[in-house]
Amino acid sequence: MSVKVVLRMGHPLLKSIANPVQEFNTPELDCLIEDMLDTMADFDGAGLAAPQIAVPLRVVIFGIEHNPRYPDIEPIPQTVLINPEISLIGEKFESAWEGCLSIPNMRGLVPRITNIKYKGFDQIGNEIERFADGFHARVVLHEIDHLDGILYPERIKDLKNFGFEDQIFLES
Ligand code: NI
């Protein structure tokens, strides 16, 4: 399969609601997921949503083994999550810096709920159900936002906390 072009902020598909996958365990779905895995690996990302490579389906992938972009982050299992559903747990929010392959070289400080349960299916159609917290929950919430046409800058509370990554962490 192949590394795809990643759409950048402003593209209409990144603002659109993606469609549920109707059929699992198909060559087309396997091909999409291989393309997504290749693309995420090439860009050294922690997650990717199908609309980012111009496929308007409710498919996300995520996972971190050891990622140089996130050196202090605990690993997340490599996951293919299709037609996801999220339950928010509790009312605790935390803010952390996020980036996105569709918004290269930028970072924003995004508040998100800390504890979630997510459900969905893998590419075979097996059910997935997990509890997640911390960065794992954050990554899942970020990716699922893509399926609903939401990019992380829309969730930043104070746009002073949005900027180029090589500028924003300079000591003032
Ligand atoms: Ni993103």
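**Exercise 1. A pair across the chain**

Find the salt bridge between aspartate 148 and arginine 58, and work out where in the chain each partner sits and how exposed each one is.

*Solution.* Start with the contact: in this predicted model, the closest N and O atoms of aspartate 148 and arginine 58 are 2.9 Å apart. That meets the salt-bridge cut-off of 4 Å. Next, place the partners. Aspartate 148 belongs to the loop between H2 and strand E6 (162-164), while arginine 58 belongs to the loop between E1 and E2, so the bridge links distant parts of the chain, 90 residues apart. Finally, check the surroundings: aspartate 148 is partly exposed at 30% relative accessible area, whereas arginine 58 is buried at 13%.

**Exercise 2. From one bridge to a network**

Take glutamate 98 and arginine 112, and trace which salt-bridge network they belong to.

*Solution.* Begin with the pair itself, whose closest N and O atoms lie 2.7 Å apart. Glutamate 98 is in strand E3 (residues 76-100) and arginine 112 in strand E4, 14 residues apart. Both partners are buried: glutamate 98 has a relative accessible area of 4%, and arginine 112 has 5%. Now step outwards. Salt bridges connect Glu98, Arg112, Arg138, Asp145 and Arg155 in a network. The structure holds nine salt bridges.

**Exercise 3. The nickel site**

Which protein atoms are the donors of the nickel ion, and how are they spaced along the chain?

*Solution.* First list the donors: SG of Cys100, NE2 of His142 and NE2 of His146, at 2.1 to 2.3 Å from the ion. Their spacing reads C-x41-H-x3-H. Then look at the two histidines. Histidine 142 and histidine 146 are separated by about one helical turn because they stand four residues apart in helix H2 (residues 134-147). To finish, compare their accessibility with the 20% limit for buried residues: histidine 142 has 8% and histidine 146 has 2%, so each counts as buried.

**Exercise 4. Unusual backbone angles**

Which residues have a positive phi of about 70° although they are not glycines, and where do they lie?

*Solution.* Recall the background: most residues other than glycine have a negative phi. Against that, alanine 54 has a positive phi of about 70°. Alanine 54 sits in the loop between strand E1 (47-49) and strand E2 (59-64) and is partly exposed, with a relative accessible area of 39%. Asparagine 105 also has a positive phi of about 70°, but its place is in strand E4 (residues 103-121).

Terms used
Residues numbered from 1 in each chain as written. Predicted model: local features only at pLDDT ≥ 70, side-chain atom pairs only at ≥ 80, totals over all residues. Heavy atoms only, no water. Helix = DSSP H or I, 4+ residues; strand = E, 2+ residues; numbered from the N terminus. Buried < 20%, exposed > 50% of the residue type's maximum accessible area, 1.4 Å probe, protein only. Donors = N, O, S within 2.8 Å, 3.2 Å for Na, K, Ca; no water. Salt bridge = Lys/Arg side-chain N within 4 Å of Asp/Glu carboxyl O.
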